[in-house]
Amino acid sequence: MSGAPMTSSSILGAFGELMSLAEGVPDGVDVEERIAEIASGLGDTVPAKLDGISYVVDRMKGQAAQLREWEKELAGKRRAVEATVERLKLTAAALLTASEDAGFFLDKKTNRVKVCRDHGAVRSHWLVRSDVVVGPDDVALWPPRWTTTKITPSKSAAMDEITETGEAPDGFEVVTRRGWRSR
């Protein structure tokens, strides 16, 4: 198998052909010669292909690590911008609260503070009120009817029990997956 390097698909196809030759011989095919031809091409090709895959994986891991670093940097910048937004919103609320306390900018219909075009603003601004429950940080101090519980499956606990007992309940099974490692 000379010429251009074999693709992963063509390598897998060659292995498939080897397996089919082991199961039955087509008419007019010199099996030993064909097996020798396929095997000689695979002997050099498979290690080279695995090395190539390994190099690409290493490079992609490096790119992923770099992206992770950029994500951390961007997350820090995002948090700083979000903190600035919250500080500005608090400042705006403080300005509106002070205006309301002083009796400035009161809306004639609602008697609540509202700064709008009539006052020289480009946008309308008003004070929003919302009620929230504030309680202890320790959730154990909250009444149980005010808490929620999220139940999630534990695959590690399931694997431990199935491995220990050797039995899996109906609808469950242990599936063996094959992967690849390289150094």
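## Helix H2 and its surroundings

In this predicted model, the elements that cover the buried residues of H2 include helix H1 (8-23), strand E1 (114-115) and strand E2 (125-126). The buried positions of H2 are Val31, Arg34, Ile38, Gly41, Leu42, Thr45, Ser54, Ala75, Leu96 and Ser99. An α-helix has 3.6 residues a turn, so residues three or four places apart point the same way.

## Length and bend of H2

Helix H2 covers residues 31-102, which is 72 residues. At 1.5 Å a residue the expected span is 106 Å, and the C-alpha atoms at the two ends lie 99 Å apart; the two values therefore agree.

H2 has a kink of about 30° centred on Leu42, and Leu42 is also one of the buried residues of the helix. Just after H2, Gly103 has a positive phi of about 80°.

## Largest pocket

The largest pocket holds about 350 Å³ of space. Its lining consists of Ser154, Lys155, Ala158, Met159, Ile162, Phe172, Glu173, Val174, Val175 and Arg177. By class, six of these lining residues are nonpolar, one is polar and three are charged.

## Second largest pocket

For the second largest pocket the volume is about 190 Å³. Phe105, Leu106, Asp107, Lys108, Lys109, Lys114, Cys116, Asp118 and His119 form the lining. This lining divides into three nonpolar, one polar and five charged residues. Lys114, one of the lining residues, belongs to strand E1 (114-115), which is among the elements covering the buried residues of H2.

Key
Residues numbered from 1 in each chain as written. Predicted model: local features only at pLDDT ≥ 70, side-chain atom pairs only at ≥ 80, totals over all residues. Heavy atoms only, no water. Helix = DSSP H or I, 4+ residues; strand = E, 2+ residues; numbered from the N terminus. Expected span 1.5 Å × (residues − 1). Bend = angle between axes of the 7 residues up to and from the residue. Buried < 20%, exposed > 50% of the residue type's maximum accessible area, 1.4 Å probe, protein only. Contact = heavy atoms within 4.5 Å. 1 Å grid on protein atoms, 1.4 Å probe; cavity = no way out; pocket = protein on both sides within 12 Å on 5 of 7 lines; lining within 4 Å. Points joined across faces, edges and corners; volume = space filled by probe spheres on them. Nonpolar A, V, L, I, M, F, W, Y, C, P; charged D, E, K, R; others polar.
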